[in-house]
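Open the model in your viewer and keep the selection box handy. We'll go stop by stop.

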Amino acid sequence: MLIRPADLDGAAWDMDDKARDACGIVGIYGIKEAAQLAVLGLHALQHRGQESAGIVSCNAGNLYSHRGMGLVSNVFGQGEAQKLPGNFAIGHVRYSTAGGSNIVNAQPLLALYSGGEIALAHNGNLAGGDSLRRKLLEQGALLQTGSDSEFFLHLLAQQQATAEEQIAGVLEQAGAAFSILILTDKRMIAARDPWGFRPLALGRLGDGFVAASESCAFDQMGATFEREIDPGEMLTFTPGGYRSTFFGKRGARKRNCLLELIYFARPDSFVFGRFPHIFRRQSGHILAREHPAEADMVVAIPDSGFSAAMGYAEELNMTMDRGIIRNHYIGRSFIAPGQAARATAVRMKHNVVREVVKGKRLALIDDSLIRGTTTAALGKELRDAGATEVHLRIACPPTRHPCLYGVDFPHYTELMAYRHSIDEIKSTLNMDSLGYLSIEGIAGILGEDGADYCTACWTGEYLAGP
Ligand code: SF4
């Protein structure tokens, strides 16, 4: 079933020109100075959200919270985590997909209900969020945030859900998509929606447990990876260990977000049973077979294009060099109206290495192409620096549809591949040639697991309902 969200005007221009993930979450159970450990985990998950960060800890039956706008180092750079006592904590980094970018929407959310204090950290977007919001308002709910994460709190409060089965019932009602951590004075819960859109993994540290969106957080915390939490699985942590229960329709078709493998997840993480770096490198190999370029050198658009570019160069036995250097210190996004300001913004973020590209025919590799603004500007920079030809290769299919499940995409009107044919994109970006990895090529890498992935932003095949 094809669902198309209404087209809206998008005024902002994102210098990264990438789809952006909604959030990263981390949970600590039964480990001393849990909040300080959570800070380490959030640092590792910073790529999943840079707008706000927060931690709620639990000590002697009380919950303590600190949230703020900005990077983890801004929010927790002055010893704030030391003021959050206890051996239990959940943390969150956010990039807004539903609800604006302000402190009210920063997580973990903290509320009081019949079961006592409750804190919640959510990664994902509820596809049925608008109708759920209307329903709650009609029922007299006072919503305080613009984020659909708050709906979980209302559903839990309305149903006075305190027992594990009741909480599982609320999660079942919520639909897709979520990976979630819940902290009360009695327990910590970690759960994934029945389709498993967003990742969530379980790790161990000493006698305690940790949970995180990606395993790279465990490395940072000194914890060991135990396993991924299954779709539709809810883990309830107890002093002796954890209990696993399942909710939702058993046997629902899995929908792991393929863009996590292509772009979002850190290359050194382990998500959906795979290493993103290896997957991306393989995608470069297939891309090279599908679209070999008559070029002298492979250049990646850093950093996201590196792994695929390595595979592309290996497959064609070509030289790969650093023709573009990325400045990591000016923040991730930048809103710059006007063509001149945008060109300046691109130069602030990426600098072309003239001596490398001069007189060369380049195969330019990136993992995805969304609006095309940055790519167009980079193509011009490369030519201005003396590149004689630029052949663009994209390690995923044309992105033609927005995401309903927790990834911030431009609307249809801004998606270059929705508005233009591949030939038109090639001309608009002033490339000598353009090739996208095919969906069949990706299926070949995934093998039997291919059916377990969501591909809606390329195929338009969304879940039929929330
Ligand atoms: S629509 Fe795209 S970004 Fe969204 S969950 Fe599916 S694969 Fe991921």
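Here is a tour that starts with the whole chain, moves to one helix and ends with some aromatic rings.

A quick word on ground rules: this is a predicted model, where local features need pLDDT of at least 70, side-chain atom pairs count only at pLDDT 80 or more, and totals for chains, interfaces and linings use all residues. Numbering runs from 1 along each chain as its sequence is written, and side-chain values use heavy atoms, with hydrogens and water left out.

**Whole chain.** Show the cartoon: the protein chain has 16 helices and 24 strands. Here helices (H or I, at least four residues) and strands (E, at least two) are DSSP runs, numbered from the N terminus. Of the 466 residues, 58% are buried, meaning under 20% relative accessible area, with exposed being over 50% and partly exposed in between (1.4 Å probe, protein chains only). Now turn on contacts (heavy atoms within 4.5 Å): among those with a separation of 6 or more, 71% are between residues 24 or more positions apart.

**Helix H4.** Select residues 149-158. Eight of these 10 residues are buried, so H4 is largely enclosed by the rest of the structure. Click through the buried ones: Ser-149, Glu-150, Phe-151, Phe-152, Leu-153, His-154, Leu-155 and Leu-156. What's covering them? Add strands S6 (109-113), S7 (116-123) and S8 (179-184), plus helices H3 (129-138) and H5 (164-174), which are included in that cover. Then step just past H4 to Gln-160, which takes a positive phi of about 45 degrees.

**Aromatic rings.** Time for side chains: there are 15 aromatic pairs in the structure. Rings of Phe, Tyr and Trp (its six-membered ring) pair if their centres lie within 6.5 Å; planes under 30 degrees apart are stacked, over 60 edge-to-face, and the rest tilted.

Pick Phe-225 and Phe-270, an edge-to-face pair at 5.3 Å centre to centre with 80 degrees between the planes. The two sit 45 residues apart, with Phe-225 in strand S12 (residues 224-228) and Phe-270 in the loop between helix H7 (258-264) and helix H8 (276-290). Phe-225 is partly exposed, at 34% relative accessibility.

Next, try Tyr-405 and Tyr-462, a tilted pair at 6.3 Å centre to centre and 50 degrees between the planes. Tyr-405 is in the loop between strand S21 (389-394) and strand S22 (407-408), and Tyr-462 is in the segment after helix H16 (456-459), so this pair ties together parts 57 residues apart in sequence. Both tyrosines, Tyr-405 and Tyr-462, are buried.

Last stop: select Tyr-29, Phe-88, Phe-209, Phe-237 and Tyr-242, a cluster linked by ring pairs.
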